[in-house]
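Reader: I am in my first year of study and would be grateful for a close look at one part of this protein. Could the account please concentrate on the nonpolar core and on the parts of the chain around it?

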Amino acid sequence: MQGSTLDGHRLVLQLSTATKRPAKQSSSKAKGDESKTKLVVRNVAFEATRKDVASLFGAVGQLKSLRLPKKFDGSHRGFAFAEFATQQEAQSAIDTLSGTHLYGRRLVVERAKEADGLEDLREKTAAKFSRHADGGDLSQPAKKKRKAAIDSFDDLV
């Protein structure tokens with residue numbers, strides 16, 4: 001096959017010498033903001049199933065959980081969350097599987113951002129409700145609800 005011609009082009013066969021590039025670290029991400037064991041997997045092919053992704057990541061380490069968020073039509077959204085038992089397994093998955101092809105798409109594996117804790121969410125919610133109780137800043141959805149109530153009252157009259 002070496003040197004043969006295809007559609008007017010001479011073929012040259014050689015071994016691939018691709019090297020893995022280190023994962024890019026965004027300067028906007030704070031190190032304390034990232035999870036130790038939870039990873040986000042981007043660019044997952046829509047043909048891939050949960051079983052495909054689980055078998056790929058299960059080969060690296062023990063998966064605690066794997067989630068593929070779904071759209072309203074039931075198909076997944078093209079990314080996944082994988083959580084490993086240990087920090088070393090998560091790092092091994094990043095090193096091993098970043099750039100891996102799955103159904104023709106190159107996976108991007110990064111540490112997931114740590115979600116807000118329950119206490120942080122409670123404080124944010126309490127602050128929001130205290131603003132409304134003081135008669136201060138009313139949000140847009142409240143105005144929409146009031147307008148909808150007025151419109152329905154006009155329909156009754």
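Author: The following account begins with the chain as a whole and then turns to the core.

The model is a predicted one. Its average pLDDT is 78, and 68% of the residues reach a score of at least 70. Confidence is not even along the chain: over residues 26–30 the pLDDT stays under 50, and for this stretch the model has three contacts beyond four places in sequence.

The protein chain contains four helices and eight strands. Read from the N terminus, their order is β-β-β-α-β-β-α-β-β-β-α-α. Of the 157 residues, 20% are buried. The accessible surface amounts to about 12100 Å², and carbon and sulfur atoms contribute 54% of this area. Among contacts with a separation of 6 or more, 59% are between residues 24 or more positions apart.

With this background, the core can be considered. The largest nonpolar core has 18 residues, and those that touch the most other members are L39, V41, V53, F57, F84 and V109. At least two residues of this core come from each of β3 (34–42), α1 (50–58), β5 (79–84) and α2 (87–97). Helix α2 provides the largest share, namely four residues.

F57 deserves particular attention. Its relative accessibility is 0%, and therefore F57 counts as buried, the cut-off for this class being under 20%. Apart from its neighbours within four places in sequence, F57 is in contact with V41, L63, A82, F84, A93, L97 and V109.

One of these partners, F84, leads to the aromatic residues. The structure contains two aromatic pairs. In one of them, the ring centres of F57 and F84 are 6.3 Å apart and the ring planes stand at 50 degrees, so this pair is tilted. Here distant parts of the chain are linked, since F57 belongs to helix α1 and F84 to strand β5, 27 residues apart. F84, like F57, has a relative accessibility of 0% and is therefore buried. The other pair consists of F79 and F81, with ring centres 5.7 Å apart and planes at 90 degrees, so it is edge-to-face.

Strand β5 also pairs with other strands. It joins β3 through five bridges in the antiparallel sense, and R42 has F79 as its bridge partner in β5. Strand β4 (residues 63–67) is likewise antiparallel to β5, with four bridges between them; there, L66 has A82 as its bridge partner.

Two further residues may be set side by side. The first, T37, lies in strand β3. Its relative accessibility is 17%, so T37 counts as buried. Beyond four places in sequence, T37 touches A82, E83, F84, A85, T86, Q87 and A90. The second, V108, lies in strand β8 (residues 108–113). V108 has a relative accessible area of 36% and is therefore partly exposed, as this class lies between 20% and 50%. Outside its neighbours within four places in sequence, V108 is in contact with V40, V41 and R42. Moreover, the C-alpha atoms of V108 and N43 are separated by 6.4 Å, although these residues are 65 residues apart along the chain.

In summary, β3, α1, β5 and α2 each supply at least two core residues, and the F57–F84 pair links helix α1 with strand β5.

How values were computed
Residues are numbered from 1 along each chain as its sequence is written. This is a predicted model: local features need pLDDT of at least 70, side-chain atom pairs count only at pLDDT 80 or more; totals for chains, interfaces and linings use all residues. Side-chain values use heavy atoms; hydrogens and water are left out. Buried means under 20% relative accessible area, exposed over 50%, partly exposed in between (1.4 Å probe, protein chains only). Contact means heavy atoms within 4.5 Å. Accessible areas come from the Shrake-Rupley method with a 1.4 Å probe; for residues, only the protein chains shown count as cover. pLDDT is the predictor's confidence in each residue, from 0 to 100. A nonpolar core is a set of buried Ala, Val, Leu, Ile, Met, Phe, Trp, Tyr and Cys residues joined through side-chain atoms within 4.5 Å. Two strands pair if DSSP finds at least two bridges between them. Rings of Phe, Tyr and Trp (its six-membered ring) pair if their centres lie within 6.5 Å; planes under 30 degrees apart count as stacked, over 60 as edge-to-face and the rest as tilted.
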